[in-house]
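I opened this entry to go through the pocket, the DNA surfaces and the symmetry in turn. The notes follow the order in which I looked things up.

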Number of protein chains: 2
Amino acid sequence: MDIKTQNRLEAKARIIKAMAHPTRLFIVETLAKHEHCVCELTALIGADVSTVSKHLSILREVGIIDDEKRGSSVYYQLKMPCVMGFFSCVDTVIKANAQGQLKCIR
Amino acid sequence: MDIKTQNRLEAKARIIKAMAHPTRLFIVETLAKHEHCVCELTALIGADVSTVSKHLSILREVGIIDDEKRGSSVYYQLKMPCVMGFFSCVDTVIKANAQGQLKCIR
DNA sequence: CTCCTATTTGGCAATATCGCCAAATCGCCA
DNA sequence: TGGCGATTTGGCGATATTGCCAAATAGGAG
């Protein structure tokens, strides 16, 4: 594998890795409906605010979400809605796996 | 976040995490063209065979690729071609990030 | 049966990720 | 100006990932 390919794939992996966590998937799915401030997300997730803030910064750094300070809160919104379509393939894989399981049980 | 959502997102994250590595992205992209045996992939990647084998088993366990023993080799093929479409969104994010960078430089 | 090739598995050290607490910022309002 | 609520950052222990080597396993050829 040449250096150029290596760099391209590392950039790609960095973005995919940002989504490879249940809490961050929840954030993306929640922001897909509409924007939320950190305090709202924290309440929905049920983890420490600092934990949620770090998850948000991971998603922001790779350019998937965007933040906007308004009043005393920071509102986050989904910048790349295409990731939602991206997830449908993952659901397909899950469904296919379930089918495979069924076949084995029979 | 309720237990059911938690479980659903964990299953989703497991699959996404399997792709969140440069070498495994290379494997998926390479298998998208046509099947390859472990020795071919190892030569293309340039890592230890055992390392490549472990990457392959990670992708196989989440149901993205499939293996088939033929002769003395094990051939792997892409079981879920939809992941390729999945990647186009990631490329969109990378392009958008590059655009953003440009704006800052100007 | 025995050697040889292809692949997988075990194990280990280096590194990265995760989630919480505590502390630092930051803007706003009395 | 001082304090308050919202958010981010620093840091730490616990856990997970990564890649290599060595060893185990599996099949085919001689």
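Which element gives the most to the lining of the second largest pocket? I looked this up before anything else, keeping in mind that the model is predicted. I found that helix 5 of chain B gives the most, with five residues.

**Entry: the pocket**

I then took the volume of the second largest pocket, which comes to about 160 Å³. Eleven residues line this pocket, and I listed those closest to its centre: A:Gly63, A:Lys79, B:Ala96, B:Asn97 and B:Gly100. Both chains are therefore represented in that list. I checked the secondary structure next: the elements that give two or more residues to the lining are helix 4 of chain A and helix 5 (82-105) of chain B. By class, I noted three nonpolar, four polar and four charged residues in the lining.

**Entry: DNA strand C**

I moved to DNA strand C and asked which residues come nearest. There are 20 residues around the strand, and the nearest are A:His55, B:Cys39, B:Ser53, B:Lys54 and B:Tyr76. Of the atoms of DNA strand C that come within 4 Å of the protein, I found that sugar and phosphate account for 64%.

I went through the polar contacts one at a time. The side chain of A:Arg24 has an N or O atom 3.3 Å from a phosphate oxygen of DNA strand C. For B:Val38, a backbone N or O atom lies 3.3 Å from a phosphate oxygen of this strand. B:Ser72 also uses a backbone N or O atom, which lies 3.5 Å from a sugar or linking oxygen of DNA strand C.

I wrote down the elements that give two or more residues to the surface near DNA strand C: helix 4 (49-61) of chain A, and helix 3 (38-45), helix 4 (49-61) and strand 3 (73-78) of chain B. I counted the classes on this surface as seven nonpolar, eight polar and five charged residues.

**Entry: DNA strand D**

I repeated the steps for DNA strand D, which 20 residues surround. The closest are A:Ser53, A:Lys54, A:Tyr76, B:Ser50 and B:His55. Sugar and phosphate make up 65% of the atoms of DNA strand D that come within 4 Å of the protein.

How far is a polar side-chain atom of B:His55 from a phosphate oxygen of DNA strand D? I read 2.6 Å. A polar side-chain atom of B:His21 lies 3.3 Å from a phosphate oxygen of DNA strand D. From chain A, I noted a polar backbone atom of A:Val38 at 3.4 Å from a phosphate oxygen of this strand.

The elements that give two or more residues to the surface near DNA strand D are helix 3 (38-45), helix 4 and strand 3 (73-78) of chain A, with helix 4 of chain B. The classes came out as seven nonpolar, eight polar and five charged residues.

**Entry: the two chains**

Last, I looked up how chain A is related to chain B. A turn of 180° with a shift of 0.0 Å along the axis lays chain A on chain B with an RMSD of 0.0 Å. I recorded this as the relation of a two-fold axis. In chain A, the residue that comes closest to the rotation axis is A:Phe86, with its C-alpha at 2.3 Å.

Why do I write that the copies meet through the same surface? I write it because 100% of the interface residues of chain A are also interface residues in chain B.

Methods
Residues are numbered from 1 along each chain as its sequence is written. Chains are lettered from A and ligands numbered from 1 in the order in which they are written. This is a predicted model: local features need pLDDT of at least 70, side-chain atom pairs count only at pLDDT 80 or more; totals for chains, interfaces and linings use all residues. Side-chain values use heavy atoms; hydrogens and water are left out. A residue is near a molecule or strand if one of its heavy atoms lies within 4 Å of it. A polar contact is a pair of N or O atoms within 3.5 Å; within protein, one must be able to donate a hydrogen and the other to accept it, and residues adjacent in sequence count only if both atoms are side-chain atoms. Helices (H or I, at least four residues) and strands (E, at least two) are DSSP runs, numbered from the N terminus. Ala, Val, Leu, Ile, Met, Phe, Trp, Tyr, Cys and Pro count as nonpolar, Asp, Glu, Lys and Arg as charged, and the others, Gly among them, as polar. Copies are superposed by least squares on the C-alpha atoms of residues with pLDDT of at least 70 in both. Contact means heavy atoms within 4.5 Å. On a 1 Å grid over the protein atoms alone, a cavity is a set of points where a 1.4 Å probe fits but cannot get out, and a pocket is an open set with protein on both sides within 12 Å along at least five of seven lines; lining residues have an atom within 4 Å of a point. Grid points are joined across faces, edges and corners, and a volume is the space filled by probe spheres set on the points.
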